[in-house]
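Colleague: I have not looked at this model before. Please take me through the words used for it and say what each one rests on.

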Amino acid sequence: MNDTRMKLMTDLQRIEKEQYQLREGECYQDFLTLMLQYIGDPQPELRDDLICTTFYEWIQEDGSRLTETELRGLLAVLTDERHLFYHIGSEGDESVFTRAFSVLPIGLIVLRHRKKPFLDHAEFQHLKHSLLRYYNEEKDLRGYLPEGGWAHSAAHGADALVELVQCPESDAAVQLEVLAAVQGMLHNGIQIFSEEEDERIARIVDTMIDKSLLPQQEVADWISGLTHCADLPQSRGPRIARVNSKNFLRSLYFRRGQISRGNILDAAILAGEAKLNRFAIGKD
């Protein structure tokens with residue numbers, strides 16, 4: 001273990017014990033630079049338990065330690081080719097940790113912005129484009145890895161998209177772009193999700209419905225479009241799309257609870273699930 005990495009671990013453990021306050025003479029940027037350097041560390045103790053948690057404590061709205069200028073600078077680095085897009089498209093290697101753990105603090109910054117906007121038009125457009133590009137281009141969709149712990153890129157990206165759709169700049173066109181990215185993730189052709197990614201992804205669409213970010217008919221039409229995979233000849237790709245979409249619709253249905261019962265969305269979700277479920281009554 002190199003000295004810089006070991007010192008960062010020791011420092012972050014001390015900062016955690018001291019309620020994430022820095023000592024006299026210390027500055028956030030010194031730690032942020034190293035946290036960004038090791039954000040994809042293959043060991044979960046540093047990456048997940050220390051760096052990820054420290055970002056949360058320093059960025060979150062209540063008692064945030066970082067200024068808007070510092071957040072802008074942090075966002076610029078997090079969305080670059082060495083972080084969110086580090087070896088984007090690769091599968092089965094450790095680079096997924098860098099990408100999946102870069103999107104988490106990005107989501108926290110989006111939350112800060114939507115509560116009290118500070119990004120200008122160009123910065124927001126870059127942010128939106130980066131998150132959508134990441135969700136469309138990420139191909140390593142493993143959840144929990146025996147060696148290295150959580151990767152969970154689909155879930156982490158979904159958390160950031162939940163915040164994006166609620167930003168004041170996110171008009172109907174943005175909502176539709178996000179829905180297209182969600183469909184792409186569900187119909188990924190690689191992975192049937194087994195680590196509750198469906199629950200995290202369902203939060204995106206549930207938020208759109210709950211806050212009336214799109215007309216209900218548009219969401220219902222999109223849900224209907226998810227089921228087209230059930231009409232395709234049986235092969236691995238359509239099966240992945242069908243099972244992921246079925247589980248997603250179930251998650252969305254139960255998230256909505258009694259709120260949506262009997263309306264147009266309820267009907268679309270139930271009809272979609274029935275079409276995707278090869279084991280439904282009457283299909284055997």
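**Reading the terms**

Colleague: Where is Gln191 placed?

Modeller: Gln191 sits in the loop between α8 and α9 (197-210). The model is a predicted one, in which local features need pLDDT of at least 70 and side-chain atom pairs count only at pLDDT 80 or more, while totals for chains, interfaces and linings use all residues. Residues are numbered from 1 along each chain as its sequence is written, and side-chain values use heavy atoms, with hydrogens and water left out.

Colleague: What makes a stretch a helix or a strand, and how many of each are there?

Modeller: Both are DSSP runs numbered from the N terminus: H or I over at least four residues for a helix, E over at least two for a strand. On that basis the protein has 12 helices and two strands. Their order along the sequence is α-α-α-α-α-α-β-β-α-α-α-α-α-α.

Colleague: Why is the protein called as compact as a globular protein of that length?

Modeller: The radius of gyration is 20 Å, and the globule rule gives 19 Å for 284 residues; the two are close, so the description holds. The radius is taken over C-alpha atoms, and the rule is 2.2 Å times the number of residues to the power 0.38. Along the principal axes, the C-alpha atoms fill a box of roughly 70 × 40 × 30 Å.

Colleague: Which residues does Gln191 count as contacts?

Modeller: Contact means heavy atoms within 4.5 Å. With neighbours within four places in sequence set aside, Gln191 is in contact with Leu141, Arg142, Gly143, Ile240 and Asn244. Gln191 and Gly92 are 99 residues apart along the chain, and their C-alpha atoms are separated by 12 Å.

Colleague: Why is Ile190 called partly exposed?

Modeller: Buried means under 20% relative accessible area, exposed means over 50%, and partly exposed is what lies in between, with a 1.4 Å probe and protein chains only. Ile190 has 32%, so it falls in the middle class. Ile190 is also in the loop between α8 and α9. Beyond four places in sequence, Ile190 is in contact with Glu91, Lys139 and Ile240. For Ile190 and Lys139, 51 residues apart along the chain, the C-alpha separation is 7.7 Å.

Colleague: What makes Ile106 buried?

Modeller: Its relative accessibility is 0%, so Ile106 counts as buried. Ile106 belongs to helix α5. Outside its neighbours within four places, Ile106 is in contact with Leu75, Leu78, Thr79, Leu84, Leu127 and Leu131.

Colleague: How do you know that Ser170, a loop residue, is buried?

Modeller: Ser170 lies in the loop between α7 (153-164) and α8 (172-186). Its relative accessibility is 9%, so it counts as buried. Ser170 touches Phe124, Leu164, Val165 and Gln175, leaving out residues up to four places away.

Colleague: Why is Ala268 called buried?

Modeller: Its value is 16%, so Ala268 meets the cut-off for buried. Ala268 is in helix α12 (residues 264-276). Its contacts, not counting residues up to four places away, are Ala220 and Ile223. The C-alpha atoms of Ala268 and Glu68 are 42 Å apart, with their positions 200 residues apart along the chain.

Colleague: Is Gln19 buried or exposed?

Modeller: Gln19 counts as exposed, because its relative accessibility is 54%. Gln19 is in the loop between α1 and α2, and its phi is positive, about 55 degrees, although it is not a glycine.

Colleague: Why is His87 called partly exposed?

Modeller: Its relative accessible area is 46%, so His87 is in the middle class. His87 lies in the loop between α4 and α5 (95-115) and has a positive phi near 55 degrees, in a residue other than glycine.

Colleague: What makes the buried residues of α2 line one face?

Modeller: In helix α2 (residues 28-37), the buried residues include Tyr28, Phe31, Leu32, Met35 and Leu36. Seen down the axis, the buried residues fall within an arc of 135 degrees, so they line one face of the helix. The arc is that of the directions from the helix axis to the C-beta atoms. Their cover includes α1 (3-17), α3 (44-59) and α4 (68-78).

Colleague: How much of the protein is buried?

Modeller: Buried residues make up 51% of the 284.
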